[in-house]
Amino acid sequence: NTDDGWFYELRYRDVILSPDGGYLLVMVPLPGPGAGFASPALVLAVHELEAGVTHLLPEYTNIHQIAFSPSSKRAYLLAADRKSVAVLALKSRKQLSVLLLPAAYSAIAVSPDGLHLIASNTPADDIERANAVQAGNTCVALDGRDRCRMTSVRLADDSVRSVSMTSPVLDIDFLQGGKKVAVVSNPAGAKEGTSNARITISDSHFEAQSTGAEQKFDRKLAAITTSHCGSELQVVGGGTLGLLSAVGCSNGWVELYDLNQHKLLASLPSNAPVSVSRNEKVAVVAAFTADLAAAPCTEPSKPTDPAAPAAPTQKKGADGTPNKPLKTAVAILNLATGSHSIVPWSNHEALPRLVISHHGEHVYAQSSNADGSEDKFSLIRTHNLSKKAVIGGSKRLDRAAWSEDGKLLYVLSNGALYRIPSGESVATHVDVPGSPELMDLRQQDDLLILAEATAPLFYLVDVQADDKVQSLHLFAK
């Protein structure tokens, strides 16, 4: 610190919007002793987007994570010690209660029906997910947290129930509107991300837990033992299908399961993140061509569809000899049938980033060489597997957000904002100040919120008023 203030090294991960788009929440740094603050801290600021009013709540410092009720009436604030959750009424900004947790947890999630809060030590992003997989089967993290334990809080009466798995919990997803949870873990003996994952399905309050502490929770329930390592689950098909991806796994496969029948429907060799269309009918994932060739994909046997696009033929050089296959490809998976198509992509060492449209008919893909050179940004049409280069200045897919109706895609590229109509290949530049790295769009489709990653500085873009921009700097005073 200095006489003028404290120095902070800030790094924000996301724009935190309430589900109804009414509130913007952010942790802001306190100024120095000259402003009356004896020690440095980050305190909660709640900004009402309609009224344009900011409320500073200094009683909430160094909050570890924020979750919301589905109605947006309440915010759940995981404390810095990660052993309690404050329940905040957003409209009145009054604390309603404090939920005491039996252990320290790094993540909380509220069920879609608003009836349960699940606390766990699941990874927060793909980097943490990869580290968790490589850490293997050790339940105790370096900081002492139990990676195999979960706690459910029934929000109607604050009753708490905790359970332990046989191996670390990597992901939790809700089913049936929140009545059930699907838990992804890797079984005993996991080493260097080479184990087979397990999907355990339970009610959201872990009522299946019975007496006998020596028996682990996942051994009491029927579970899906998968064919490969897995780290993240997306529940699709109205809760009947589970799409398991393998970020961080050395033997990574994307696998589609029938969660009711515990049956494998399709698989593709890839350890990249999976993107799913809003209507949950199409998924896309990037893969290395060599992996696809060495380990043939699994899909259900079916008669040939004469309307289906033909597989791309291998191009030939001037001398008539086949060209070498491109290093990477984009796999398009039909979630209704389990069938897939492969689109050759590029010779870049890195897999492309993918963004899929609401109805799955368009995919935007972008990749670069390891040194950042030779950016490639293209539109892929899934009905005929055609590719068309995106023009207009946008070179990267650093962040992307679809409008609620799916007609517009907003893209952040090297700190600049672009707009692309769905299915088109021309990116139009939108003037915004600064170099924002984070982005979200209100569900009302009226306000695009951009943010710097190193300061609580926001740019509110009114997309219904010729992209008029308002800067919003939230700070403690």
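**View 1. Cysteine 249, buried with a relative accessible area of 2%, and its disulfide partner.** This is a predicted model, where local features need pLDDT of at least 70 and side-chain atom pairs count only at pLDDT 80 or more, while totals for chains, interfaces and linings use all residues. Residues are numbered from 1 along each chain as its sequence is written, and side-chain values use heavy atoms, with hydrogens and water left out. Cysteine 249 is joined to cysteine 229 by a disulfide, S to S 2.0 Å (a disulfide being two cysteine sulfur atoms within 2.5 Å). The link is left-handed, with -55° about the S-S bond. It connects distant parts of the chain, 20 residues apart: cysteine 229 sits in the loop between β16 (223-225) and β17 (232-236), and cysteine 249 in the loop between β18 (241-245) and β19 (254-258). Cysteine 229 is buried too, at 1% (buried is under 20% relative accessible area, exposed over 50%, partly exposed in between, using a 1.4 Å probe and protein chains only).

**View 2. The other bridge, between cysteine 139 and cysteine 148.** The structure holds 2 disulfides, and here the sulfur atoms are 1.9 Å apart. With -85° about the S-S bond, this link is left-handed. Which end is partly exposed? Cysteine 139, at a relative accessible area of 22%; cysteine 148 is buried, at 1%. Count the bonded cysteines in sequence order and the pairing reads 1-2, 3-4.

**View 3. Ring pairs link Tyr364, Phe377 and Trp402 into a cluster.** The count of aromatic pairs is 2 (Phe, Tyr and Trp rings, six-membered ring for Trp, with centres within 6.5 Å; planes under 30 degrees apart are stacked, over 60 edge-to-face, the rest tilted). Tyrosine 364 and phenylalanine 377 meet edge-to-face, at 6.5 Å centre to centre and 70° between the planes. They link distant parts of the chain, with tyrosine 364 in β26 (residues 362-367) and phenylalanine 377 in β27 (residues 376-381), 13 residues apart. Tyrosine 364 is buried at 0% relative accessibility, and phenylalanine 377 at 5%. For tyrosine 364 and tryptophan 402, the ring centres are 6.4 Å apart and the planes at 55°, so this pair is tilted. Since tyrosine 364 is in β26 and tryptophan 402 in β29, the pair ties together parts that are 38 residues apart in sequence. Both of these residues are buried.

**View 4. Lysine 376 over the face of tryptophan 345.** The distance to the ring centre is 4.3 Å (a charge counts as over a ring if NZ of Lys or CZ of Arg is within 6 Å of the centre and within 35 degrees of the ring normal).

**View 5. Serine 403, tucked into the loop between β29 (399-402) and β30 (408-413).** Is serine 403 buried or exposed? Buried, with a relative accessible area of 5%. A polar atom of its side chain lies 3.2 Å from the backbone nitrogen of lysine 407. Leaving out residues up to four places away in sequence, serine 403 touches His358, Leu408, Leu441 and Asp445 (contact means heavy atoms within 4.5 Å).

**View 6. The whole chain, with 2 helices and 36 strands.** These are DSSP runs, helices being H or I of at least four residues and strands E of at least two, numbered from the N terminus. Of the 477 residues, 50% count as buried. Among contacts with a separation of 6 or more, 48% come from residues 24 or more positions apart.

Technical notes: Polar contact = N/O pair within 3.5 Å; in protein donor to acceptor, adjacent residues only side chain to side chain.
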